[in-house]
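Here's a quick tour of one protein model, with an eye on confidence, packing and ring contacts. Have a look at it first.

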Amino acid sequence: MSKLLRRPGGLRKPATMVALAAAVAVTASGCVTVHGEREVVPAAGKAEAARALKDFTTAYNKADKAYDRSLDEDHVTGALGAIDAAKLKAGHVNHPDGNANHTPLVLSDARFSIPKKAGWPRWFVADTKANRGGDFRWMLVFTRSDAGRPWQVSYLTLMSPGDVPELKKDKDGWAQPVTADDAALAVAPEDLSRSYATYLKDGGNGFAPGRHTSEWRTTRERTASRPGLARQYVDEPLTSGDYAPVGLRTADGGAMVFFATHHYEKQTASKGLSITVDNENVKALMTGDLKQSLTLERVSNQVAVDPAKGGDVDILTRLEGLTGAKGS
């Protein structure tokens, strides 16, 4: 399938994300050493984590209200940064005076899982309740490249309270990170994005059946060809810089891993027919001249339970956002 669809260009990232990604290569464990710092310490204090959450929420609300990317670009990066940037761009194009329907996001009941690690970058997970989304827990991964940079949210997903895995903690309550190449897991975190993209294309074993695996593949197959319109899909891994996976050890010896993927959907109309677009966000992000085909670009971030070797990876939840559209 991938041979049928040429990738319409790489994922565009704001300059701040490019600079941050170039500054340091992130691994799933974050276990890189820069500035000569080798002491294993908590990635953040609990008070510092709470301030980071408050700063993110404040910036996010300002940007959402004004549809202005510059107001929160220092507080988001990675998969969330790409999704957020496109959402704000489309919002500004369609509503240049701002978001008339803005309702401030309120995050409460924060539970922080902070790993102990050496060097930079550092990261932690915030498990929160929100004033939207019903009973779902909002899971945010905060990352920081060095002491001079602000904390930024790279991953955001929503999880049912009963799906949040129990994490392994030490006697002081600090979480335990997993390494990028952990061979004891079913899939090493550094390979998870690539394995998932391959599964979506070819199927096979290694992933537990469910909404984000077998059911998604079935939906794609069912809608791939309809009278007058054909759909093709390409899935690509996102693994470098602030798109690198991060994982925490679970109480049962597995890991809870956050990772990102990149998806393209190409819609092609039959000869003599054309494609029409009603979605205002797609229109706002559109490039090219829409005639017979439309390529939609999306970024997705997932949370998976990666069990011990021999088990199947379970994709617990997935949040994706439109990041580009091209007509031809």
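How many of the 17 residues of H3 are buried?

## Helix H3

Twelve of them are, so H3 is largely enclosed by the rest of the structure. Among the buried residues are Gly78, Ala82, Ile83, Asp84, Leu88 and Gly91. The helix covers residues 78–94, and its length checks out: at 1.5 Å a residue it should span 24 Å, and the end C-alpha atoms sit 25 Å apart, which agrees.

## How far to trust it

Keep in mind that this is a predicted model. The chain averages a pLDDT of 90, with 89% of the residues scoring at least 70. Residues 1–36 are the catch: pLDDT is below 50 there, although the stretch has 92 contacts in the model beyond near neighbours in sequence. Where pLDDT is low, the predicted coordinates should not be read in detail.

## Aromatic pairs

The whole structure holds nine aromatic pairs. In one of these, Tyr155 and Phe258 are tilted, at 6.1 Å centre to centre with 45° between the planes. Tyr155 is in strand S6 and Phe258 in strand S10, so this pair ties together parts 103 residues apart in sequence. Both residues are buried.

Tyr199 and Phe207 also make a tilted pair, with centres 5.3 Å apart and planes at 45°. Tyr199 is buried at 7% relative accessibility, and Phe207 is buried at 8%. Elsewhere, ring pairs link Phe56, Tyr60, Phe112, Phe124, Phe142 and Trp151 into a cluster.

## Arginines over Trp216

Arg220 lies over the face of Trp216, 4.4 Å from the ring centre; Arg318 does so at 3.7 Å. Arg220 belongs to helix H5 and is buried, at 9% relative accessibility. Its contacts further along the sequence include Tyr233, Asp235 and His263.

How values were computed. Residues numbered from 1 in each chain as written. Predicted model: local features only at pLDDT ≥ 70, side-chain atom pairs only at ≥ 80, totals over all residues. Heavy atoms only, no water. pLDDT = per-residue confidence, 0-100. Contact = heavy atoms within 4.5 Å. Helix = DSSP H or I, 4+ residues; strand = E, 2+ residues; numbered from the N terminus. Expected span 1.5 Å × (residues − 1). Buried < 20%, exposed > 50% of the residue type's maximum accessible area, 1.4 Å probe, protein only. Phe/Tyr/Trp six-rings, centres within 6.5 Å; stacked < 30°, edge-to-face > 60°. Lys NZ or Arg CZ within 6 Å of the ring centre and 35° of its normal. Lists of a residue's contacts leave out its neighbours within four places in sequence.
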